[in-house]
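Hi,

Here is the structure I promised to pass on. Please open it alongside this email, and my notes will follow below.

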Protein chains: 2
Amino acid sequence: MTPPLEPIELLASPAPERADAARNRAKLLAAAAELIQEHGAEHLTMEAVATAACVGKGTVFRRFGDRFGLFLAVLDQAECEMQQAFMFGPPPLGPGAPPVERLRAFGVASLRHLRQNMDIYVEADKSAAQRYDAPPRVVRERHLALLLGEAGVSGDLELLAATMLGSLDPAQVHHLLTVRRRALEELEAGWLDLVARITAPS
Amino acid sequence: MTPPLEPIELLASPAPERADAARNRAKLLAAAAELIQEHGAEHLTMEAVATAACVGKGTVFRRFGDRFGLFLAVLDQAECEMQQAFMFGPPPLGPGAPPVERLRAFGVASLRHLRQNMDIYVEADKSAAQRYDAPPRVVRERHLALLLGEAGVSGDLELLAATMLGSLDPAQVHHLLTVRRRALEELEAGWLDLVARITAPS
DNA sequence: ACACTAAGCGGACTGCGGTCCAGTTTTGTT
DNA sequence: AACAAAACTGGACCGCAGTCCGCTTAGTGT
């Protein structure tokens with residue numbers, strides 16, 4: 001006999017989890033949420049979570065990979081609600097409303113969601129502050145805002161500049177070039193397109 | 001007598017540096033560049049830099065603050081050249097060309113600059129990869145691309161979606177809300193404006 | 001019920017980022 | 001030239017993220 005075929009995996013369920021493992025995951029998540037609630041995300045240590053959940057430190061890392069992964073897992077519930085809302089929920093966020101309407105609602109909902117969980121997001125992504133405070137970034141932003149003004153664009157130029165710079169973010173560009181296998185030329189074309197849209201006469 | 005007034009500081013020269021300090025800074029930068037060249041940015045440790053420059057570890061931190069700061073300093077030269085180029089250099093990047101032209105050139109130049117120094121940027125911002133690979137991010141991106149398609153937008157929808165998500169990046173939103181003192185309502189308005197520009201009939 | 005195996009466990013251990021402070025060097029002042 | 005204040009130095013020290021490996025336990029086939 002040939003070995004039995006694996007059932008096709010749906011929706012990224014990479015591995016079934018043993019019962020005790022699942023129990024520990026739940027204990028760990030509860031402990032982490034509790035500790036964050038109590039002392040703030042920035043003071044959360046992996047060891048403290050392990051201790052509070054009465055398991056070894058190794059278990060925490062086995063379950064969540066690293067600190068970032070733990071934060072992701074803690075955020076997961078809120079994340080799921082958000083996803084449900086914009087994929088299957090009521091309009092205007094969910095299906096039923098016209099697409100532009102949904103796009104608008106998406107941003108507003110995202111910003112609310114972000115503010116709700118900001119401390120965790122911030123802590124999950126250290127060195128974030130420095131990225132935006134660094135002089136080179138500030139100079140670039142001013143430069144872009146200036147050019148936008150000269151080009152006759154009206155609106156919140158500082159915000160538009162920030163958005164445009166976002167699409168030149170080193171980490172994002174790297175991700176697009178490597179993981180997504182995009183060519184530099186595509187990114188250049190994308191930039192030109194973005195400039196065209198933003199500077200288009202309204 | 002009243003105490004003498006501080007001279008107005010021009011162009012962010014926050015503090016004059018003692019001679020030995022400046023010498024050490026130079027030694028450290030040289031050592032860091034050398035080590036990066038030789039072993040790659042990801043294997044650079046603060047202690048190794050200190051040892052290679054024959055100074056104490058404390059000195060490295062005093063000069064550059066932290067690991068991120070050291071990378072920034074290493075990038076500083078290339079950064080300055082870039083800045084010179086787009087602020088004072090020849091057109092189309094520098095002054096002289098029409099603003100839209102300069103905006104276009106800016107992105108192209110930035111992307112080139114990025115690719116040149118990508119390994120350092122990537123290393124300076126750890127956990128960046130995870131940010132873009134994480135399932136929630138991917139789902140949101142697909143969702144946006146889908147809506148853009150439904151809204152009749154043509155072009156590289158994946159890239160446009162990535163750009164739009166960039167302006168909802170937690171770290172950026174946090175920075176705008178706190179350091180820049182923007183109100184959530186302003187960010188919401190910015191998002192709506194962005195949607196309008198991107199979905200505008202071409 | 002029993003044995004077998006793969007998954008899970010835990011905590012000692014490592015390495016690095018970042019801090020601290022007693023001692024040293026530089027620089028301005030008299 | 002001598003002094004005093006301020007700035008700088010270096011390396012011992014600390015805390016935490018992440019690894020490793022010998023031991024335990026849950027699921028599975030008989």
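What follows is a walk through the findings, from the relation of the chains to the DNA and then to some local backbone details.

First, the conventions. This is a predicted model, in which local features need pLDDT of at least 70 and side-chain atom pairs count only at pLDDT 80 or more, while totals for chains, interfaces and linings use all residues. Residues are numbered from 1 along each chain as its sequence is written, and chains are lettered from A and ligands numbered from 1 in the order in which they are written.

**The two protein chains**

Chain B superposes on chain A by a rotation of 180 degrees, with 0.0 Å of shift along the axis and an RMSD of 0.1 Å (a least-squares fit on the C-alpha atoms of residues with pLDDT of at least 70 in both copies). That is the relation of a two-fold axis. In chain B, the C-alpha nearest the axis belongs to B:G166, at 2.6 Å from it. Both copies use the same surface, since 99% of the contact residues of chain B recur in chain A; here two residues are in contact if their C-beta atoms, placed from the backbone, lie within 7 Å.

How many residues does each chain bring to the contact? Chain B gives 67 residues and chain A gives 67 residues. On the side of chain B that touches chain A, the elements giving two or more residues are α4 (67-88), α5 (99-116), α6 (118-124), α7 (128-133), α8 (135-150), α9 (157-166), α10 (170-177) and α11 (184-199) of chain B. Helices here are DSSP runs (H or I, at least four residues; strands are E, at least two), numbered from the N terminus. The element that gives the most to this side is α11(B), with 14 residues. By class, this side of chain B has 38 nonpolar, 15 polar and 14 charged residues (Ala, Val, Leu, Ile, Met, Phe, Trp, Tyr, Cys and Pro count as nonpolar, Asp, Glu, Lys and Arg as charged, and the others, Gly among them, as polar).

**The DNA strands**

Which residues come nearest to DNA strand C? Of the 22 residues around DNA strand C, the nearest are A:V55, A:G56, A:G58, B:A19 and B:D66 (a residue is near a strand if its C-beta atom, placed from the backbone, lies within 6 Å of it). Two or more residues of this surface come from each of α1 (19-39) and α3 (57-64) of chain A, and of α1 (19-39), α2 (46-52) and α3 (57-64) of chain B. With 4 residues, α3(A) gives the most to the surface near DNA strand C. That surface has 5 nonpolar, 6 polar and 11 charged residues.

For DNA strand D, there are again 22 residues around the strand, and A:A19, A:D66, B:V55, B:G56 and B:G58 come nearest. At least two residues each are supplied by α1, α2 (46-52) and α3 of chain A, and by α1 and α3 of chain B. The largest share of the surface near DNA strand D, 4 residues, is from α3(B). The classes near DNA strand D are 5 nonpolar, 6 polar and 11 charged residues.

**Helix packing in chain B**

The axes of α1(B) and α3(B) come within 10 Å and cross at roughly 100 degrees (axes are lines fitted to C-alpha atoms, for helices over the stretch in contact, with angles from 0 to 180 degrees between N-to-C directions). The two helices α1(B) and α3(B) are therefore roughly perpendicular to each other, a label for angles of 65 to 115 degrees (under 35 is roughly parallel, over 145 roughly antiparallel, and the rest oblique). B:N24, B:R25 and B:L28 of α1(B) meet B:T59, B:V60 and B:R63 of α3(B). This contact has 2 nonpolar, 2 polar and 2 charged residues.

**Domains of chain A**

Chain A is assigned domain 1 (17-65) and domain 2 (67-199), with bounds from an automatic or database domain assignment. Their C-alpha centres lie 30 Å apart. The contact takes 11 residues from domain 1 of chain A and 8 residues from domain 2 of chain A.

**Backbone details**

Most residues other than glycine have a negative phi, and most peptide bonds are trans. The bond from A:P91 to A:P92 is cis, with omega near 5 degrees, and A:P92 is found in the loop between α4 and α5 of chain A. A:C54, in the loop between α2 and α3 of chain A, has a positive phi near 60 degrees.

Best wishes
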